[in-house]
Amino acid sequence: MHTVGFQAIGTAWTLSTPDPLEASVQAAVAELVQDYDRTWSRFRSDSTVARMADGAGSFELPGSAAGLLRLFDALNRLTDGAVNPLVGRSLEVLGYDAAYSFRVWGPSLPAAAWAETVSWTEAQGGSGAGGSGAGGSGAGVTVRTSAPVTFDIGAAGKGQLVDLVCGVLESAGVRRYVVDAGSDLRHAGAEPLRVALEHPYDPARAIGVLTLADRALCASAVNRRRWGEGLHHVLDARTGAPVDAVAATWAVAADAMTADGLATALFFADPQTLAAVFDFDYVRMFTDGRADYSPAMAGVLFP
């Protein structure tokens, strides 16, 4: 396999393919990643979401935003508001801000209510209002906010970008690949991929190994993006406080955006609640060392 590596949206990426990627394909991937970052990054002053933090108003987003907003609609509803992309301000208060100060500004701050603060409309006739996103990819999305808000799409955004990169590869005729963006990856091809599940308290160890074939695997853990005692990036948006009952999650789904979002939702919701809406498999490890998993994951964890 040939591998191309690069840094983007705060993590290391690798694209593995049987044949070397043409320069034009690599350039298309780089342009896609830059465009996504310019829209969604809360860490750069010229992004669209940075303007949302400056004041309420109407903002134009690309058509791919519709799928992401629909997913957040569903996850917000299924977790009773714990998963909410407006959690960016809560992260800033605890020090995970655009300047990476890692200095706590004040007590935990709940995120603004998603459905009451944000509505959106697709250019081709669909519409959404918080929890009621419309179907269709559309040519663009108009988001309206009733107050200044700080988006953080980390719960599902990296997974969506993995899917969009896969779309670039497939458009170029590449049918066998592994796109790996840190803990989020997607596989396509005849040869399955063996993936170790990193122990959340010891990166040198694994708690199990699974086989991935033509699906996506995304993980989330409290040992990642940790900057102080009890401070990490997985917050309950209802309180603005870091979670402390679940240590790590892994979700397998047909696409990376869904797997990424579900990996976050598993910190807050019963898996059966999520399974009523989504088709996925999972492993979830609690901070007391226990683990639960879907039936298809039986045998994945080491004894």
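Let's start with a pair of helices: α1, covering residues 23-40, and α6, covering residues 157-171, have axes that come within 10 Å of each other and cross at roughly 155°. Because of that angle, α1 counts as roughly antiparallel to α6, the cut-off for that label being over 145 degrees. Keep in mind as you look around that this is a predicted model.

The crossing of α1 and α6 also has a hand, and it is right-handed. If you want to find the place where these helices meet, look on the α1 side for V25, A28, V29, L32, V33 and Y36. Their partners in α6 are G157, Q160, L161, L164, V165, V168 and L169. Sorted by kind, the residues of this contact between α1 and α6 come out as 11 nonpolar, two polar and no charged.

Now move along from α1 into the loop that links it to α2 (48-54), where you'll find S47. Is S47 buried or exposed? Its relative accessibility is 0%, so S47 counts as buried; the cut-off for buried is under 20%. The side chain of S47 reaches the backbone oxygen of R44 at 3.3 Å. Leaving aside residues up to four places away in sequence, S47 touches D37, R38, T39 and S41.

Next comes a helix with plenty around it. Helix α7 runs over residues 256-265, and 10 of its 10 residues are buried, so α7 is largely enclosed by the rest of the structure. Among the buried residues of α7 are M257, T258, D260 and L262. What covers them? The elements over the buried residues of α7 include the helices α3 (65-78), α6 and α8 (271-275), along with the strands β8 (184-188), β11 (216-221) and β16 (246-253). You've met α6 already, as the partner of α1. At the start of α7, have a look at D255: one of its side-chain oxygens reaches to within 3.3 Å of the backbone nitrogen of M257.

For a contrast, head over to strand β9 (residues 193-199), which holds R194. This residue is exposed, because its relative accessible area is 59% and the cut-off for exposed is over 50%. R194 still has company: not counting residues up to four places away in sequence, R194 touches V209, L210 and T211. R194 and L210 are 16 residues apart in sequence, yet their C-alpha atoms are 5.8 Å apart in space. With T211, the link runs between side chains, through a polar contact of 3.2 Å with R194.

Key
Residues are numbered from 1 along each chain as its sequence is written. This is a predicted model: local features need pLDDT of at least 70, side-chain atom pairs count only at pLDDT 80 or more; totals for chains, interfaces and linings use all residues. Side-chain values use heavy atoms; hydrogens and water are left out. Axes are lines fitted to C-alpha atoms, for helices over the stretch in contact, and angles run from 0 to 180 degrees between N-to-C directions. Helices (H or I, at least four residues) and strands (E, at least two) are DSSP runs, numbered from the N terminus. Angles under 35 degrees count as roughly parallel, over 145 as roughly antiparallel, 65 to 115 as roughly perpendicular and the rest as oblique. A crossing is left-handed if the near helix is turned anticlockwise from the far one by less than a right angle, and right-handed if clockwise. Contact means heavy atoms within 4.5 Å. Ala, Val, Leu, Ile, Met, Phe, Trp, Tyr, Cys and Pro count as nonpolar, Asp, Glu, Lys and Arg as charged, and the others, Gly among them, as polar. Buried means under 20% relative accessible area, exposed over 50%, partly exposed in between (1.4 Å probe, protein chains only). A polar contact is a pair of N or O atoms within 3.5 Å; within protein, one must be able to donate a hydrogen and the other to accept it, and residues adjacent in sequence count only if both atoms are side-chain atoms.
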